[in-house]
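Dear colleague,

Please find below the structure that I am handing over to you. My notes on what was found in it follow directly after.

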Amino acid sequence: MRSSLALSTLACAALLTACGGGGGGSTASPGNTPAADQPNIPAPAPAPAPAPAAAPPMTQRDAVRLASQASFGATEPLVAQMRTQSAAAWVQAQMLLPAASRYTSGGGSAIHTDTTGVGFCDQAAHKSDVCWRDWYSSQPLLWDFYRNAVNQPDQLRQRVAFALQQIVVVSNLEVEGTYGLRRYYNALLDGAFGNYRDVLRGVVLSPVMGDYLNGVNNDKAAPNENFAREMLQLFSLGTCLLEADGRLKGGKCQPTYDNTVVRSYAYALTGWTYPSGGASKWGCWPKGANCSFYDGEMAPLPALHDANARTLLAGGSVPAGSTPAQAVNAVLDSLMAHPNMAPFIGRQLIQALVRSNPSPAYVGRVAAAFQAGKFSKDGVNFGVGRAGDLSATVAAVLLDADARGDAPPGSSGGRLREPALMMAGVLRALNGKTDGDALGWWWGETLRQHVFRPPSVFNFYPPDYPVPGTQLQGSAFGIHNANTSLERLNYLTYLLNWGGSKPAANVPNAVGTQVVLDSFEADAADAAKLVDRLSLLAHGEVLPTASRAKVLDAVGWWTDKTDAKTWQRNRVATAAYLVFAAPQFQIVR
């Protein structure tokens with residue numbers, strides 16, 4: 001059976017490219033105007049405008065689709081709850097939820113306050129097999145990431161923060177210090193529905209980013225250009241001038257900036273050191289700077305700051321004599337004023353949440369919401385009217401006509417579910433539990449997405465990665481190949497046939513990684529009911545007739561004659577394997 005399943009799902013993998021890649025509204029009433037010939041008699045008040053018709057609740061298909069776009073995956077209770085309301089109402093409710101998800105695991109700042117001169121993990125108080133893991137690595141954050149993704153209710157906040165961390169990238173492959181990474185990623189959770197200018201400000205002043213891209217202790221005499229270049233290229237504007245709908249301006253790539261501009265930004269961003277609090281037996285360097293420390297924003301160091309006038313993009317400038325803080329504000333103002341910002345960031349949020357190949361019209365509508373800082377749908381208002389508002393932008397991404405509705409969106413209408421979303425999605429759908437451990441050191445590495453260890457500032461894949469053999473883009477295809485396609489199937493086998501992972505003794509609050517199939521066994525006697533139930537959960541609709549017939553044949557093979565003791569469990573495992581291996585799940589549409 002295993003070989004036949006592998007063959008069938010290899011065919012599914014071949015089809016991936018073919019499958020495609022607040023507050024309520026109100027109506028203002030006009031005022032009353034007296035008639036000119038009857039000054040003492042008020043004119044009749046106009047009839048109140050009819051209230052807009054309430055948006056209908058979501059269908060099963062659209063609820064599952066929205067759950068795939070705006071959460072880490074559908075569950076039966078989540079879909080049932082979503083089907084009682086409109087998409088706009090659900091998105092608003094998600095944005096109003098308290099921020100339940102946090103990164104809390106791992107060690108603190110002691111690694112940067114030690115003055116003994118002895119390696120931290122070599123000291124008797126800390127020496128253990130897990131010292132580096134707990135104090136320097138991102139593994140504790142990975143535990144929190146998957147526990148939150150599978151269990152916490154603030155799903156949209158987590159998805160937006162995950163999208164942001166793939167734009168403003170740092171990597172534990174280059175920066176060590178669990179407590180600093182924890183602070184960086186918590187800031188993205190906090191800013192998920194805030195303003196992108198504030199997100200960028202936090203990135204500019206983050207000591208973790210300062211270490212990653214050489215922005216900390218950057219000297220005015222010869223500034224390192226690394227952070228300035230990536231800020232312009234990856235975090236804000238991109239390399240080519242764009243129309244408001246994301247298309248290349250004039251139909252060809254015209255550079256957004258040149259190296260002179262990069263140097264102007266590098267000079268403007270000099271004069272920042274680590275926040276106070278760090279200590280070292282050998283003192284701090286350079287003279288007057290603070291020692292390495294990640295608990296806070298970088299601190300201004302005027303002695304390292306270039307105080308010359310600098311010309312920036314979009315008509316911006318840094319006046320002569322500006323302080324480090326004034327220069328940062330000028331830099332942020334220039335970026336937010338640039339016409340590339342809205343379509344560049346808007347398009348990437350569409351690609352992270354909805355589809356890899358958005359139409360120019362879709363990008364234009366999202367960019368308009370980003371620029372206006374507000375968006376309305378079905379009487380629900382998002383945003384406060386300040387350019388860069390992420391609640392308005394995310395709502396525009398998720399509630400656009402191109403993201404909703406049951407009309408077939410065509411080959412360009414989806415996105416490949418990246419490994420982190422695939423792994424969490426299966427666990428959520430099948431009532432699973434995880435402490436996140438195996439999803440990092442084993443499956444994260446195998447599927448090439450250990451979520452806090454991207455190989456470079458360019459993330460795991462570029463957002464415009466070309467899907468081989470097509471004219472389409474699909475970012476997650478950058479880490480998708482024959483091996484990882486098979487490993488996706490092996491992950492399902494690991495959960496459904498091998499029992500997942502047991503709790504590890506050296507993982508705090510360990511629960512292992514396992515699915516719980518008991519509730520589905522209640523429908524095992526009726527193969528059609530079981531398969532349709534899983535299909536409606538995973539795909540939002542039943543399988544196509546021919547595929548459904550083949551799945552029913554495979555599931556129906558298990559009876560009390562072929563396996564007297566566990567035939568029901570094997571029916572559920574077989575059905576789940578085939579439903580979640582299908583392109584209808586692997587591709588979000």
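**Glycine 383 and its surroundings**

G383 is partly exposed, with a relative accessible area of 28%. Please keep in mind that this is a predicted model. G383 belongs to the loop between β6 (380–382) and α17 (390–399). Leaving aside residues up to four places away in sequence, G383 touches G373, K374, D389, S391 and A392. The chain also brings G383 and N195 to a C-alpha separation of 9.3 Å, although their positions lie 188 residues apart along the chain.

**A helix that is largely enclosed**

Both β6 and α17 appear again around helix α5, where they are among the elements that cover its buried residues. Of the 10 residues of helix α5 (residues 87–96), 7 are buried, so the helix is largely enclosed by the rest of the structure. Those buried residues are A87, A88, W90, V91, Q92, Q94 and M95. The cover also includes α3 (60–70), α4 (76–82), α8 (155–165) and β5 (375–377).

**The largest pocket and the largest cavity**

Which residues lie nearest the centre of the largest pocket? They are F344, Q348, Q351, P463 and D464, out of a lining of 30 residues. The space in this pocket comes to about 730 Å³. Helix α15 (residues 341–353) provides the largest share of the lining, with 6 residues. By class, the lining of the pocket has 16 nonpolar, 10 polar and 4 charged residues.

The largest cavity has a volume of about 100 Å³. Its lining consists of 13 residues, and V204, G215, N218, F227 and L269 are the closest to its centre. Two elements, α11 (207–212) and α12 (226–233), give two or more residues to this lining. The lining of the cavity holds 8 nonpolar and 5 polar residues, and no charged residues.

**Aromatic rings**

The structure contains 24 aromatic pairs. One of them joins W442 and W443 edge-to-face, with 6.2 Å from centre to centre and 75 degrees between the planes. Are these two neighbours buried or exposed? W442 is partly exposed, with a relative accessible area of 44%. W443, by contrast, counts as buried because its relative accessibility is 2%, and buried means under 20%.

W443 also forms a tilted pair with Y494, at 5.2 Å centre to centre and 55 degrees between the planes. This pair links distant parts of the chain, for W443 is in helix α20 (residues 443–446) and Y494 is in helix α21 (residues 482–496), 51 residues apart. Both W443 and Y494 are buried.

Elsewhere, one aromatic cluster is formed by F72, Y103, F145, Y146, F162, Y184, Y185 and F452. The ring of F72 also has the charged end of R159 over it, 5.9 Å from the ring centre. A second arrangement of this kind involves R417, whose charged end sits over the ring of F585 at 3.9 Å from its centre.

**Backbone features to examine**

Most residues other than glycine have a negative phi, and most peptide bonds are trans. Three places in this model deserve a look with that in mind.

- The peptide bond from W285 to P286 is cis, with omega near -5 degrees. P286 is in the loop between β1 (272–273) and β2 (299–300).
- A314 is not a glycine, yet its phi is positive, about 60 degrees. A314 is in the loop between β3 (310–311) and β4 (317–318), and it is partly exposed, with a relative accessible area of 43%.
- N459 also has a positive phi, near 75 degrees, and is a residue other than glycine. N459 is in the loop between α20 and α21, and at 6% relative accessibility it counts as buried.

**An exposed loop residue**

Where is A522 found? A522 is in the loop between α22 (518–521) and α23 (527–538). A522 counts as exposed because its relative accessibility is 66%, and exposed means over 50%. In space, A522 and V363 are 45 Å apart, C-alpha to C-alpha, and in sequence they are 159 residues apart.

Yours sincerely

Technical notes: Residues numbered from 1 in each chain as written. Predicted model: local features only at pLDDT ≥ 70, side-chain atom pairs only at ≥ 80, totals over all residues. Heavy atoms only, no water. 1 Å grid on protein atoms, 1.4 Å probe; cavity = no way out; pocket = protein on both sides within 12 Å on 5 of 7 lines; lining within 4 Å. Points joined across faces, edges and corners; volume = space filled by probe spheres on them. Helix = DSSP H or I, 4+ residues; strand = E, 2+ residues; numbered from the N terminus. Nonpolar A, V, L, I, M, F, W, Y, C, P; charged D, E, K, R; others polar. Phe/Tyr/Trp six-rings, centres within 6.5 Å; stacked < 30°, edge-to-face > 60°. Buried < 20%, exposed > 50% of the residue type's maximum accessible area, 1.4 Å probe, protein only. Lys NZ or Arg CZ within 6 Å of the ring centre and 35° of its normal. Contact = heavy atoms within 4.5 Å.
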